[in-house]
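Thanks for coming, everyone. I have one structure to walk through today. Please have a look before I start.

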Amino acid sequence: MRYPLNPLLVQALLVPFILGLPAPALADSVFDRYFSGSHISFELSDDTITDTSKFEAELELRYRFEDISAFVRATNDRPFAYQRDQFNVEKWGFNYQLNDDWDVTGGDFSLVFGRGTALNAIETRDVDRDAQLEGLMVAGDLGAAAVTAFWGQHKSDGMEYYVSGVNTTDGDPADELMGGRLALDFGDIDLGASWIDADMVRFGEPLSTAVTELDASWRIDPFRLYYETVWFNRDELEGSEESADGRAHVAEIIYAEPGFSLSGSWARYQDAHFDYATAPSLRRPDVEDSAARENDETGWRLDCRLSPQSWDGNSLRLLYADLEGIELEEQEFRNFFAEWASPVTEEWSGTLSYDWIKGLLLYYGGINGTDESFRATLDGPFPFGGTFHLSGRFRLLASEFESDDELQIGFDWHVSPDFTLGCVRETSTRPTEPPPPGIPGIPTESPGRWNSAFIRWLPDPWTQVDLMIGSQRGGFQCSGGTCAQLPPFKGVRFTYYRAL
Amino acid sequence: MRSAFLLTIALFLLLPATSVAQDTPTASDDEVAAVWDGFTFELEALDGDELTEEDVFAGGELYLVDFWASWCRPCSQYLPHLEDIVDEYGDRGFKVVLFCVDEAGTMSTARSTLAGEDYPFTILFDPESKVRNELGVRMIPTTVLFSPTGEELWRHVGYASGDEDEVREKIEENLPAEETTGDDEAG
């Protein structure tokens with residue numbers, strides 16, 4: 001939930017933090033000990049593509065004292081240039097340790113069951129996905145058993161051009177979820193069972209979903225096995241003869257010994273979409289089209305890493321993924337990836353990688369094609385002092401009807417551990433890209449060039465100042481397995497962050 | 001708007017940087033528990049055990065907490081250097097605690113990456129970013145240096161080649177000196 005604040009009151013509260021007055025006065029005593037983890041930040045951005053100029057601020061206070069911890073975040077910060085928001089108490093919460101075994105959490109909280117296929121109610125600010133709940137959670141540790149029970153609500157309040165990972169619309173009531181989990185620890189074998197009951201309304205229509213999940217893991221050195229299965233039981237759609245129910249399976253096996261690991265993963269998803277969960281994708285996070293197809297997909301992946309001691313710090317990674325639709329078999333994705341990482345000498349290091357993808361390329365309007373990339377990085381001492389990082393990527397896109405190439409070069413000069421200069425240049429012959437879905441009024445880009453430069457300064461261990469000037473390309477950005485499509489940005493962005 | 005923009009940038013660049021120098025206290029186990037009260041967690045370690053803050057932050061003289069994710073390239077570049085640093089200072093009570101903040105979706109990649117390297121760290125999985133949020137960490141990698149009583153001594157955001165030298169400097173500043181014996185002094 002979001003609670004508006006009077007802007008003048010907020011500015012008055014922020015002034016002492018801006019001037020740093022509390023820090024030196026209280027650092028050795030109350031503030032440093034009890035408010036560790038708090039931060040304040042500001043961002044000024046001026047985007048000429050959307051003609052949006054914004055000043056955003058955030059204050060997050062975290063408090064700890066013995067068995068109680070609490071936090072509150074007041075902000076109007078949104079990661080995308082076109083999003084405007086009013087200053088709100090956006091998040092709040094507390095945790096109280098009842099005794100050695102039980103604790104209770106109230107307010108906004110994150111909760112993950114298993115691999116997140118049944119419940120991944122977290123906030124990922126980098127891509128503005130917020131599936132957290134506001135309510136109450138109780139957790140207990142009973143030796144070999146751990147129990148969790150929760151109730152919470154979630155509502156995305158309407159904002160100008162606001163896009164959330166949860167698909168609610170203005171006027172719909174808040175989603176309401178409740179559920180629980182039992183986890184059993186038998187040493188090398190762990191078992192888990194979860195259930196969630198979700199009452200939601202989408203576009204004025206009620207949508208109730210009952211989720212049941214079972215998972216098991218087994219550690220038998222040097223192997224680790226994991227399996228998770230989920231049932232999604234939904235209300236029947238009016239007038240539909242097909243079941244609205246869904247199913248998900250995730251399995252993995254890992255073999256690991258010093259210097260070598262091999263993991264195999266398998267997944268199968270049929271109508272496994274749920275706004276408060278994330279189906280683990282077998283695609284790598286840095287692949288442009290990396291999200292799992294929760295509605296219709298099955299496949300497997302092998303991921304091998306070699307770094308034996310005799311290689312003196314060199315390592316090799318080989319990956320192959322093979323995915324296809326269950327009902328739509330032509331919906332395929334095949335990926336081969338190889339990366340060599342080498343500390344060339346103690347001062348120099350580098351990587352070389354090759355990435356090949358064949359399948360349904362959504363950025364070509366959903367037709368089959370290939371996507372090949374060659375990447376290299378190099379790190380070493382800079383002649384004028386400090387160190388540098390150089391990265392380059394050459395990419396070839398081809399389908400039956402068209403082909404394009406792209407080039408990206410980035411250079412960072414770490415003048416000192418506290419000061420970095422950087423620049424990025426990117427070119428592409430890809431046709432004009434459509435605006436992100438659901439975002440009206442965002443003009444498209446012309447194909448061509450994107451150039452940007454940045455300065456990063458860390459004046460002290462708790463402060464970070466960033467200045468970025470130029471144009472950044474729109475496209476997919478992935479963070480921790482969650483991806484979203486970002487609109488392009490052209491202009492100036494200044495950010496100040498201070499841990500209190 | 002633009003003139004206000006430039007004025008605001010100038011204001012923040014002139015702000016005094018405040019940092020507090022602190023002595024490095026030593027502590028008994030009771031004192032360690034007292035400082036970490038309220039900052040509680042129970043997370044799965046790489047070997048499958050569930051560890052609490054009392055399990056992790058005990059018995060050391062200086063702790064370096066690092067936040068890592070499998071999709072973060074600088075994070076992975078950093079780890080071999082941390083491994084070298086543990087080899088250099090581990091016998092003096094220096095410990096590294098690695099929090100993997102991969103979310104559930106990339107957890108298998110994270111596990112296979114870390115399991116095959118045999119790093120001399122305590123490695124914990126924090127898919128809900130509980131500890132990351134508790135410490136106000138926005139970008140990764142971020143390394144935070146703690147005294148045995150839980151006082152934050154220093155933090156650094158990001159990794160670039162050469163940053164490991166600054167880590168060594170901070171460790172030397174804050175790690176109790178090695179004890180010398182009478183035999184050593186006699187030479």
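**The sheet in chain B, and what surrounds it**

Let's begin with chain B. Seven strands, or 7 as I'll write it on the board, make an open sheet, and its order is β2-β1-β5-β4-β3-β6-β7. The pairing is mixed. At the edges sit β2 (50–52) and β7 (152–157) of chain B, each paired on one side only. From one strand to the next, the twist averages 30°. Keep in mind that this is a predicted model.

Now one pair from that sheet. β6 of chain B, residues 142–146, pairs with β7(B) in the antiparallel sense, over 5 bridges. Which residue of β7(B) stands opposite Leu145(B)? Trp154(B) does.

Next, the helix on the sheet. Helix α4 of chain B covers residues 73–89 and packs on the sheet. There α4(B) touches β3 (62–68) and β4 (94–100) of chain B. The direction of α4(B) makes about 160° with that of β4(B).

Does the length agree with the residue count, or disagree? Here is the reasoning. α4(B) has 17 residues, and at 1.5 Å a residue they should span 24 Å. The end C-alpha atoms are 25 Å apart, which agrees. The helix does have a kink, though. The kink is about 25°, at Leu79(B), shortly before the proline Pro80(B).

Which residues of α4(B) are buried? They are Cys75(B), Gln77(B), Tyr78(B), Leu79(B), Leu82(B) and Tyr89(B). Remember your helix geometry: with 3.6 residues a turn, residues three or four places apart point the same way. And what covers these buried residues? The cover includes β3, β4 and α7 (163–174) of chain B, together with β22 (349–361) of chain A. So chain A has a part in it.

**Chain A and the contact**

That brings me to the contact between the chains. Chain A gives 71 residues and chain B gives 54 residues. On the chain A side, the residues divide into 26 nonpolar, 30 polar and 15 charged.

Chain A itself has 500 residues, and 33% of them count as buried. Its secondary structure comes to 3 helices and 31 strands. Take the contacts in chain A between residues at least 6 apart in sequence: 50% join residues at least 24 apart.

Three of its strands are worth following in turn. β19 (residues 296–306) and β20 (residues 315–324) of chain A run antiparallel, joined by 9 bridges. In that pair, Gly299(A) stands opposite Leu323(A). β20(A) is also joined to β21 (residues 332–342) of chain A, antiparallel again, by 10 bridges. There Leu319(A) stands opposite Phe337(A).

**Backbone details**

Two cis peptide bonds to look at. One runs from Asp221(A) to Pro222(A), with omega near 0°. Pro222(A) is in the loop between β15 (205–220) and β16 (223–234) of chain A. Another joins Ile140(B) and Pro141(B), with omega about 5°. Pro141(B) lies in the loop between α6 (130–134) and β6 of chain B.

Then positive phi. Asp118(B) has a phi of about 55°, although it is not a glycine. Asp118(B) is in the loop between α5 (107–115) and β5 (122–125) of chain B. Ser129(B) also has a positive phi, near 55°. Its place is in the loop between β5 and α6 of chain B.

Buried or partly exposed? Asp118(B) has 15 C-beta neighbours inside 10 Å, so it counts as partly exposed. Ser129(B) has 22, so it counts as buried.

Terms used:
Residues numbered from 1 in each chain as written. Chains lettered and ligands numbered in written order. Predicted model: local features only at pLDDT ≥ 70, side-chain atom pairs only at ≥ 80, totals over all residues. Helix = DSSP H or I, 4+ residues; strand = E, 2+ residues; numbered from the N terminus. Buried ≥ 20, exposed ≤ 12 C-beta atoms within 10 Å, placed from the backbone. Contact = placed C-beta atoms within 7 Å. Pairing = 2+ DSSP bridges. Axes fitted to C-alpha atoms, helices over the stretch in contact; angles between N-to-C directions. Nonpolar A, V, L, I, M, F, W, Y, C, P; charged D, E, K, R; others polar. Expected span 1.5 Å × (residues − 1). Bend = angle between axes of the 7 residues up to and from the residue.
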